[in-house]
Amino acid sequence: PEAPTASATAPAAAPAPAPAAPSGTVDGSVVHTRFGPVQVSVTIANGTVTEVTALQLTNDGGRSVMISNRAAPILRNEVLAAQSAQVQNVSGATYTTNGYLTSLQAALDAAGF
């Protein structure tokens with residue numbers, strides 16, 4: 001007859017600690033557009049984007065300032081809802097949108113988000 005074999009069970013490995021959720025405020029890079037520089041700052045608390053602040057917006061002439069002033073709150077709201085830079089382009093504000101989202105993505109990358 002065969003000898004019974006002891007089944008050895010290895011102790012369960014302790015789960016690795018979760019990496020700390022990113023927190024802090026990080027400035028994105030300055031993005032130079034046809035209508036002036038764009039730069040944003042992002043605030044992250046425990047892995048959630050809680051604020052996006054425009055530090056610079058396109059400023060080449062009154063029309064550019066008007067477009068940026070209209071687009072910035074829309075972009076801010078979209079980013080806060082999406083929790084990323086993957087949001088819709090603001091119609092009529094392509095340069096502002098592209099600069100804003102490029103600067104935002106640089107800030108998110110720097111924050112490890």
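Contact is defined here as heavy atoms within 4.5 Å. The model is predicted, with local features requiring pLDDT of at least 70 and side-chain atom pairs counted only at pLDDT 80 or more, while totals for chains, interfaces and linings use all residues. Residues are numbered from 1 along each chain as its sequence is written, and side-chain values use heavy atoms, without hydrogens and water.

By the contact criterion, and leaving aside residues up to four places away in sequence, Val79 touches Val52, Ser84, Val87, Tyr100, Leu101 and Leu104. Val79 is also among the members with the most partners in the largest nonpolar core, which has 23 residues; the others are Val42, Val49, Val52, Tyr100, Leu104 and Leu108. Such a core is a set of buried (under 20% relative accessible area, 1.4 Å probe, protein chains only) Ala, Val, Leu, Ile, Met, Phe, Trp, Tyr and Cys residues joined through side-chain atoms within 4.5 Å. Two or more residues each come from strand S3 (36-45), S4, H1 and helix H2 (94-110), and H1 contributes the most, six. Helices (H or I, at least four residues) and strands (E, at least two) are DSSP runs numbered from the N terminus.

One salt bridge (side-chain nitrogen of Lys or Arg within 4 Å of a carboxyl oxygen of Asp or Glu) was found in the whole structure. It joins the side chains of Glu51 and Arg76 at 2.5 Å, N to O. Glu51 lies in strand S4 (residues 48-56) and Arg76 in helix H1 (residues 62-82), 25 residues apart. Partly exposed denotes values between the buried limit of 20% and the exposed limit of 50%; Glu51 falls in this class at 25% relative accessible area, as does Arg76 at 27%.
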